[in-house]
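Reader: I am new to protein structures and would like to learn how to read one. Could we go through an example together?

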Amino acid sequence: MSYKFSLLLSMFFLVQVFLYAGDLACIESIHSQLDAISLTASYQISMQGGLNDSIAKFVYEEAKAKIYYTDDKQSYKAYGESVSFYVSRDYIPFVISDKAIAITVRRSAVIGYFQ
């Protein structure tokens, strides 16, 4: 009898561990996707001289994410200046949290570096 009870108890904890591992795997997958998209966005920002609507649209279409400058006042256009930006996406986890988690990648680009 105690064997069956302990089996049922262990199944509850095992399911929780699997859900936690699933959350970690999903977060890692989203982070990798945002990292790849941010590298492409960095290249585009460097070529186009700053963050514009076409880059924001590209990031949203590819990763369902938002892209924005780290500082609200940034609008660099000068050749050779550095621009820092975030690419962010919300994730609703299974068991880690009751609220959505913002997964964010920070990158920078040098204007005109690839030209």
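Author: Here are some questions and answers on helices, strands and single residues in this predicted model.

Reader: Let's start with the helices. Which residues of helix H2 (residues 53–63) are buried?

Author: A residue is called buried when its relative accessible area is under 20%. In H2, a helix that covers residues 53–63, the residues that meet this mark are Ile 55, Val 59 and Ala 63.

Reader: How wide is the arc within which the buried residues of H2 fall, seen down the axis?

Author: The buried residues are Ile 55, Val 59 and Ala 63. Looking down the axis of H2, you would find that they line one face of the helix, because they fall within an arc of 35°.

Reader: Which exposed residues are carried on the face of H2 turned away from its buried side?

Author: Exposed is the word for over 50% relative accessible area. While the buried residues of H2 pack against H1, E1 and E2, the face turned away from that buried side carries Asp 53 and Lys 57.

Reader: What sign does the phi of Lys 64 have, positive or negative?

Author: Lys 64 comes just after H2, in the loop between H2 and E1. Most residues other than glycine have a negative phi. Lys 64 is not a glycine, yet its phi, about 50°, is positive.

Reader: Now the strands. How many bridges join E2 to strand E3?

Author: Let's take the strands in order. E1 (residues 66–69) and E2 (residues 82–91) run antiparallel and are joined by four bridges. E2 also runs antiparallel to E3, which spans residues 101–110, and the bridges joining these two number 10.

Reader: Which residue in E3 is the bridge partner of Val 87?

Author: Strand E2 covers residues 82–91, and Val 87 has its bridge partner in E3. That partner is Val 105.

Reader: Which residues make up the uncovered face of E1?

Author: E1 has two faces, and the covered one holds Ile 67 and Tyr 69. Tyr 69 stands opposite Phe 85 in E2, and Lys 66 has Ser 88 as its bridge partner in E2. The uncovered face of E1 is made up of Lys 66 and Tyr 68.

Reader: Which residues meet in a salt bridge?

Author: The structure holds one salt bridge, and its N to O distance is 2.0 Å. One side chain comes from strand E3 and the other from helix H1, so the pair ties together parts that are 72 residues apart in sequence. Both residues count as partly exposed, one at 26% relative accessibility and the other at 25%. They are Arg 107 and Asp 35.

Reader: Is Ser 38 buried or exposed?

Author: Ser 38 is found in helix H1. Leaving out residues up to four places away in sequence, Ser 38 touches Phe 85, Val 87, Val 105 and Arg 107. Because buried means under 20% relative accessible area, the 0% of Ser 38 makes this residue buried.

Reader: Where does Thr 70 lie, and which residues does it touch?

Author: Thr 70 lies in the loop between E1 and E2. At 29% relative accessibility, Thr 70 counts as partly exposed. Not counting residues up to four places away in sequence, Thr 70 touches Ser 84, Phe 85, Tyr 86 and Arg 106.

Reader: How far apart in space are Leu 24 and Pro 93?

Author: Leu 24 is found in helix H1 and counts as partly exposed, at 39% relative accessibility. Along the sequence, Leu 24 and Pro 93 are 69 residues apart. In space, from C-alpha to C-alpha, they are separated by 9.0 Å.

Reader: What separation do the C-alpha atoms of Thr 70 and Phe 18 have?

Author: Thr 70 belongs to the loop between E1 and E2. Phe 18 and Thr 70 are 52 residues apart along the chain, and their C-alpha atoms are separated by 36 Å.

Reader: One last question: how much accessible area does the nonpolar patch on the surface have?

Author: The patch is formed by Tyr 3, Leu 7, Met 11, Leu 14 and Phe 18. One of these, Met 11, is found in helix H1, which spans residues 2–48, and is partly exposed with a relative accessible area of 43%. Together, the residues of the patch have an accessible area of about 540 Å².

Methods:
Residues are numbered from 1 along each chain as its sequence is written. This is a predicted model: local features need pLDDT of at least 70, side-chain atom pairs count only at pLDDT 80 or more; totals for chains, interfaces and linings use all residues. Side-chain values use heavy atoms; hydrogens and water are left out. Patches are made of residues with over 30% relative accessible area and no salt bridge: like charges are joined within 9 Å, nonpolar side chains (Val, Leu, Ile, Met, Phe, Trp, Tyr) within 5 Å. Accessible areas come from the Shrake-Rupley method with a 1.4 Å probe; for residues, only the protein chains shown count as cover. A salt bridge is a side-chain nitrogen of Lys or Arg within 4 Å of a carboxyl oxygen of Asp or Glu. Buried means under 20% relative accessible area, exposed over 50%, partly exposed in between (1.4 Å probe, protein chains only). Two strands pair if DSSP finds at least two bridges between them. The arc is that of the directions from the helix axis to the C-beta atoms. Contact means heavy atoms within 4.5 Å.
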